[in-house]
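Grab a pencil and work through a few exercises on the model shown here. Each one gives you a task, then walks through a solution.

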Amino acid sequence: MSLDHSEKTLEESVEDSLLQKGYIKIDHSEFDREKALFPGTFIEFIKDTQPEKWEKIKKNHGPQAENKIINRLIRELNQHGTIKVLRKGIDDYGVHLNTAYFAPASGLNPEMKKLYDKNRLGVSRQIRYSTKNENSIDIVLSLNGIPVATAELKKPSKGQNYKYAKKQYKEDRDPKELLFQFKKRAVVHFAVDTEEVYMATKLEKQMTVFFPFNKGNKGGRGNPYNPHGYRTSYLWEEIWAKDVWLNILSKYVNVIKDKKGKETLIFPRYHQLEAVQELIKYARKNSAGKNYLIQHSAGSGKSLTIGWLAHRLSNMHGKDDRPVFDSVVVITDRVVLDKQLQDTIYEIDHQQGVVERITKHSWQLKEALEKGKKIIITTLQKFPVVIDKIGYLPKRNYAVIVDEAHSSQTGESAKALKEVLSAESLEEAARKQETMEEEYDPDDEIIKHSIKVQGKQDNLSFFAFTATPKAKTLETFGQPGPDGKPVPFHLYPMRQAIEEGFIMDVLKNYTTYKTYFKLMKSIEDDPEFDKQKASKAAARFVDLHPHNLAQKTQVMVEHFRNKTMKKINGKAKAMLVTSSRLHAYRYKQEFDSYIQENGYDNIKTLVAYSGKVKDPNTEYEFSESEINEIRESELPQKFKENDEYRVLLVADKYQTGFDEPLLHTMFVDKKLGDVKAVQTLSRLNRTHPQKDDTFVLDFVNDAEDIKKAFQPFYEQTTVDETTDPNLLYDLKKKLDEYQVYWHSEVDNFCKLFFKPGKQRKGEADKLDSYVDPAVDRFKNKPQEEQEAFRKSLSQFVRLYSFLLQIIPFQDPELHKLETYGRYLLSKLPQKNTGGKVILNKEIDLEYYRLEKTAQQNIELEKQGTGEVKGPRVNGVSKNKSEEKALLSEILEIMNKLFGKSDLSENDLLYLKQIENDITSDEKLTEVAKNNSLENFGYAYKEKFINKAVERSEQNNEMFQMIMENVLTNLDDPTAYDFFIRYLVKPAYNELRQEG
């Protein structure tokens, strides 16, 4: 017997499955082409579910009742759309008719359950939908006679797949046909084969956009092997199943409008639907007190997922038919999420004011919680108020949805961020950024404030969304995987999103540059400086040097104009990521000057940073809005809609949560590490119909470092090892050994601190008396020991707060030390870093070269799971003492640099001859006469290379040593020092004297 592999068998499989799940078969002959309805089914539904209302209809219209009601239905569908009609019903001559019955939130109303069961879900095959031809669609799904979905089915075994189905929709399905008209009938169209599923909500010929509707397969695109049938059978067996399908139509499908009034119909993608459904299932089962981590790739539609989840949680009832959560609190900084939530809930329930956004003071938040508002949107900054207030409302349960990707811009981080933004060099900014991330972790804000007494709270559930979960996030909100390590509750990985074409791969077309430079002393004196501070000052000098900024600006502007500006049909935009406000401000000046000088009238720039920046040259302070001459709130829209504004210069702003599909190119002049690299570069990943690729030009980071940053988040993320609670005991022992505090002081402090009842007058002063002796002992310690103690105590306090969330500690000694330690930390004197070294007149830029080092696609590896490092107890590095060097030591370094015990007369002669060649160059003499040493160095390097090449045969060994160990290795301090002292400076001085 031969098997039938035709599409007909696939249609039959779909139909049979649906009929077994409560659908009814509606023959294609019952479809009215002109009305694009199954009129008979609709009338049957009305008569069956609303007989009394039908009697009124008959009295109003007599024999024409059925035609009148069908015509009324058509007018409503054409005016308001299928979804609104199904949810809100229609009215005719004062009679309200329900067009569908959706599942009630609870089981308290048995009558509603009976009506729900009377819905007529129809499946029809080979529907001839047109009045112009005999074209047919493979499958039409309807609800009470109203078409809600179409599907084209293909079998790869017959030489066709989902791509042919998509082609049919684009080329053979006329969007003007009533069945396919946007909103008016079918709301979604599926292109299906036995391997993959895609869907579209608006047919626009070749402009039709299909989204993947697949489960994913081992971290990538597609669907997993199905031992019981087709890989795509989940579509009709799970998604189109009665309860799920009606739930989608009632709770998920939305029509949203942009500011210009353009409508978009939103249908959930598979990962969004699955995530919300699974979260609701387990939250209903577990009630409050459980945490959930959702790892969804950046650009995967987290805002919509959060909106659907917030609505579902706010209306969710448990087995006892009582609400599981009294209020849902959403922690986010995105204004767009507020609007989406409002619109989503209004579309679903037609209720206004369900969402309360806290925009002003904390009292608003307290009032919203006290009144039991269903959905409350607030920021991380106000999150402690939530926890504090919840403590006074113990009988209420709360769901807290954390939009983690945007938490780092508020709360305690704002103080640290100001420090980073005020940095004046790449090195300084990178160091401050590292310190900020070490001392302040946005996840800590959630973790530490969620402790009321100890550990988790039974009336509080967290739903944490992130694309880049850190170790603390995983251990706090994740669940144990097969090996015991924490993993996300739900996963939609970066790899799958890229392979499905839902986001762009930002690591393709990754170009790196490296800056080579040499500095030299420009004064006769040879003063001493702290080596570490002087090194930072020198780095700051180079970073902000006009030549450095000018060279990089030229590279960026010209590359953008000649290569990427023409992308996205000529609408491509670019972002420059800088390390500080001063860098952004200086770049703004440099960009605008270069653009004006070259007469480029089609590029304008905008700058974005928080607070104000002082111009060192004028001492004036400038805010973002003053420089741009537009309000801060208007910037995103201006950048998006105004074709003139093509480049956005940012300093720690718009690096997260900035979803702009026209953003194609990113220039990076900032050290990016780990999560920061992923969040920043992911600003490019949003898709656009005309966007084929992205481009990154990086002046600071190596491709390998970027790969290491992305790799843990490419697929599922876990930790390399879970946190060992014994780390706390190790830290406590270490802290005890410093003998800064005495245990009796800790005990007395805690007895008073935890004393029941209201604190009496003078007791606060008494607390200080138990801490002040420790502060005095701390001050008498050496500087290195002070910093080691401070760092260890900070680690102890943070680690204790973190571990309380995952391990039920019952150790009062640890709890007392943590309480005392927090207070002690607040009173310890700040680290004395001394005055900042400024080197402006003392040094010059002797040599500068900007060189492209690589242009490549950074390929991430398919590993299944990536690991991030868990918390560690780190030591404190000792401050290096100032180093001095005598001439003899310098000569020894020089000899070692060249790999010889000493330099021969021939070697010295070779160098002297090159020097003579250079100093006899009249053009170079003019450069030395009219420029500082720094500018002279630019010309000198090229001359030196040319002369060294010309005389290479004279001493090839020496030539190779200079080229390999010095000129191509100028980022090495030793090579740099040799180049400055022994090659450039003598020539500069000689030429100036001769001039």
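**Exercise 1.** Work out how many of the eight residues of β4 are buried.

*Solution.* This is a predicted model, so go by its computed accessibility. A residue counts as buried if its relative accessible area is under 20%. Six of the eight residues in β4 pass that test, so the strand is mostly covered.

**Exercise 2.** Place β4 in its sheet: which strands pair with β4, and in what sense?

*Solution.*
- Step one: lay out the sheet. Seven strands make up an open, mixed sheet, ordered β1-β4-β5-β6-β7-β8-β9. β1 (24–25) and β9 (211–212) are the edge strands; each has a single partner, so one side of each has no neighbour in the sheet.
- Step two: look towards β1. This strand runs parallel to β4 (residues 121–128), and two bridges join them. Ile24 sits opposite Gly122, while Lys25 has Val123 as its bridge partner.
- Step three: look towards β5 (residues 136–143). Here the pairing with β4 is antiparallel, over seven bridges. Arg128 faces Ser136 in that pairing.

**Exercise 3.** Lys25 also has charged company: which residues share its network of salt bridges?

*Solution.* The network links Lys25 with Glu11, Glu15 and Arg125. For scale, the whole structure holds 47 salt bridges.

**Exercise 4.** Take the salt bridges Lys47–Glu66, Glu76–Arg72 and Asp117–Lys242. What parts does each one connect, and how buried or exposed are the partners?

*Solution.*
- Lys47 and Glu66 meet at 3.0 Å, N to O. Lys47 is in helix α2 (residues 39–49) and Glu66 in helix α4 (residues 65–80), so this pair ties together parts 19 residues apart in sequence. Both ends are partly exposed: Lys47 at 36% and Glu66 at 38%.
- Glu76 and Arg72 meet at 3.3 Å, N to O. Both belong to helix α4, four residues apart, or about one turn of the helix. Glu76 is buried at 10%, whereas Arg72 is partly exposed at 22%.
- Asp117 and Lys242 have their closest N and O atoms 3.9 Å apart. Asp117 is in helix α6 (residues 110–117) and Lys242 in helix α9 (residues 242–251), so the bridge ties together parts 125 residues apart in sequence. Asp117 is partly exposed at 41%, but Lys242 is buried at 16%.

**Exercise 5.** Is Gln168 buried or exposed, and what does it touch?

*Solution.* Find Gln168 in helix α7 (residues 162–171). Its relative accessibility is 18%, so it counts as buried. Leaving out residues up to four places away in sequence, Gln168 touches Glu152, Lys154 and Arg173.

Methods. Residues numbered from 1 in each chain as written. Predicted model: local features only at pLDDT ≥ 70, side-chain atom pairs only at ≥ 80, totals over all residues. Heavy atoms only, no water. Buried < 20%, exposed > 50% of the residue type's maximum accessible area, 1.4 Å probe, protein only. Contact = heavy atoms within 4.5 Å. Pairing = 2+ DSSP bridges. Salt bridge = Lys/Arg side-chain N within 4 Å of Asp/Glu carboxyl O.
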